[in-house]
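User: Please take a close look at the interior of this structure, and describe with care what is enclosed there.

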Amino acid sequence: MSRFFKSILILTFFINNFSFANNIYEEIEQNKIYDSHIWKSLLHINSDKPYINSKDFLFSFDDFSLKNELLKNIEQIKNNKLYPCKFPARYLWLTTKFPELKELKQENIECKEFNEYLEKTNADSIDLIFVSENIKNPSSMMGHIFFKINGFYDGKERENAISFFTILNHLNIPILAYESIIKGMNGYFILSPYQTQIFNYVNKEERNIWEYKLNLTAEQQKLIYYHFWELKDIDITYYFTNFNCATIIDNMLSISSEDYYSEPISFWLTPKDVVKRANKFKLIQLSNTLPSLEWSLYMINENLDKKKMERLKSQIDDKNINSIRFSIENNNLSKLEIEFIRNYTKYLYIKKGILEYQDYKNIINLLNKDDLDFIDYSNYKNPINTQYSKQLSIGYLQKDKENFTKLGLLLAGNTLYDDNRNYFSENSLQIGNIEILANKSEVFLNKIDFYDMRSYLPINSILTDLSSEFAISYYNKFNNLYINNSLLIKGGLGLSNKLSADTFLYYLANLEIYIDKSYIYPVIKPKLGLNIYEILDMKTVLEYEYEYNLRKVDYSFHKLSLNQSINIDNNHRFDLNLKIMKNNKRENKIYSFVYNYFF
């Protein structure tokens, strides 16, 4: 070939490449492709800053911007033949936006590991999975959320869980709070067999599983599916409040629409918030529930006639197989009664270990007929129907004829005054509950509940779990007749009874320790409480406590609290509250009227 023709070919190559690049860059500038919600979602962007700030994840790490990162990724497609293997979701989206980028692939690149992932998972659909709280286990109170990949491999159905989590190596609360909120902890993004996780959650941790079938287009599903692969080897920092399992899942769901991505996210997104957001933007098609044995038995106890339940319980306890068989074969049992037999039998065998395997098998085999369906729990206490987990409050408070403005902020959780009928039982979890009071002369911090958990599990003829309370708080002297500003550590155990469908009675023996600058005050505080749900979504909470101070008996007093809640909807509530503290020497009365906004 002559020099002339070689020169022409080289010149043509540079002209074509220049024209090709120029066309792409023009389109990027004109249409601001880098502002796409999909691009931001794939980069996990919040307020134009990346949640995942890693050199392995961002090519423009040293000079990050959405535009720079987009241009750097296009350069990688042009120059790095392994780019599609490491970032398949980005490659899929960019080559959809710029089809000419596919032409840069000079040779067939075999992404061996990625193709193996596709082959073994073979995603047919993706579900959103919510693991409910176990209110007997404080570490689970926020719940957990992850994805499930449904597919086929070797002709068999395969279900895999894709989950983001961290590992707690110790239980030193101050250090743990610093590491999980400020410093950050190592985050792990893993693929594991779904059934293994489900078994542990349901049978070992006594937590319910809610499976939500997602309404995604084929392209959206593929982007999320491919994006899982992009995160597997990335160094990700886990923060309990601002980048946790809920945050990373929500980032991926925001691929679905500009509206989803653009809606402001309040500080500290919780797993339940993600479920509610997905439902709000119509991403949830169907739901299915995999209940724990204890939860199922509580549900049945609430809905099954007590005499029928006692009769069936007696038959199973006595291993009266013939009576059970006769009732089933003659269709004498309702679905709820059959469900009770199934769950109570499993409970005795799996949990209590007091039923022999052969007796267990004999009873379960009676229930394996095709016409004996399982009950659908999906509409019973669905997390979608709960209130949001953050509250902002403002109101009026009067103490000893002195008037105050009351301001409050609950960063995460729920209170006893909320409508808790879609929870496992009456309970309260408050993480970062701050209360400020102000009058004409001063503004002061009244209290902080760093962590306040209350679990009132009703006992019945089958389950007799203890109710419990535990809290770490700071209290201003405003809240007590005698004790100065102090740190409060509280714990207690007791029992609860469900007197009717809408009435709960609980009684606990609590031990409280107040620590101020000068003294430590150990206090015994028995408590009696009554919660009543009323018409028009109102709720009454009445509590009586006797505070017996072991250090100074004269400091002991009676305490009565009455709160009337008026729930307008899932976002708004009003509270009328009266508190009386009294002993032989002094008496305080506090009245308040408060508006609460859930978000």
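Analyst: **The interior**

The largest cavity holds about 1,000 Å³ of space, a cavity being a set of points on a 1 Å grid over the protein atoms alone where a 1.4 Å probe fits but cannot get out, and its volume the space filled by probe spheres set on those points. The model is predicted, so local features need pLDDT of at least 70 and side-chain atom pairs count only at pLDDT 80 or more, while totals for chains, interfaces and linings use all residues. Residues are numbered from 1 along each chain as its sequence is written, and side-chain values use heavy atoms, with hydrogens and water left out.

Lining the largest cavity are 50 residues (each with an atom within 4 Å of a point), of which Y417, E435, K447, R454 and K579 are the closest to its centre. This lining divides into 17 nonpolar, 16 polar and 17 charged residues, where Asp, Glu, Lys and Arg count as charged and Gly is among the polar ones. In the whole structure, the search finds 5 cavities of 30 Å³ or more.

Turning to aromatic side chains, the structure holds 41 aromatic pairs, counted when ring centres lie within 6.5 Å. In one of them, F404 and F444 have ring centres 6.1 Å apart and planes at 90°, so the pair is edge-to-face, a label for planes over 60 degrees apart. Because F404 belongs to strand β11 (residues 402–414) and F444 to strand β13 (residues 443–456), this pair ties together parts that are 40 residues apart in sequence; strands are DSSP runs of E with at least two residues. F404 also forms an edge-to-face pair with F478, at 5.3 Å centre to centre and with 80° between the planes. That second pair links distant parts of the chain, for F478 sits in the loop between β14 (467–475) and β15 (486–500), 74 residues from F404. Both F404 and F444 are buried, as is F478, buried meaning under 20% relative accessible area (1.4 Å probe, protein chains only).

A polar residue, S428, is found in strand β12 (residues 426–438) and is buried, with a relative accessible area of 1%. A polar atom of the S428 side chain lies 3.1 Å from the backbone oxygen of N414.

Helix α9 (residues 218–231) is largely enclosed by the rest of the structure, because 11 of its 14 residues are buried. Its buried residues include Y225, Y226, F228 and W229, and F228 joins Y51, F147, F164, F189, Y238 and F243 in one aromatic cluster.

How values were computed: On a 1 Å grid over the protein atoms alone, a cavity is a set of points where a 1.4 Å probe fits but cannot get out, and a pocket is an open set with protein on both sides within 12 Å along at least five of seven lines; lining residues have an atom within 4 Å of a point. Helices (H or I, at least four residues) and strands (E, at least two) are DSSP runs, numbered from the N terminus. The expected span of a helix is 1.5 Å times one less than its number of residues. Buried means under 20% relative accessible area, exposed over 50%, partly exposed in between (1.4 Å probe, protein chains only). A polar contact is a pair of N or O atoms within 3.5 Å; within protein, one must be able to donate a hydrogen and the other to accept it, and residues adjacent in sequence count only if both atoms are side-chain atoms. Rings of Phe, Tyr and Trp (its six-membered ring) pair if their centres lie within 6.5 Å; planes under 30 degrees apart count as stacked, over 60 as edge-to-face and the rest as tilted.
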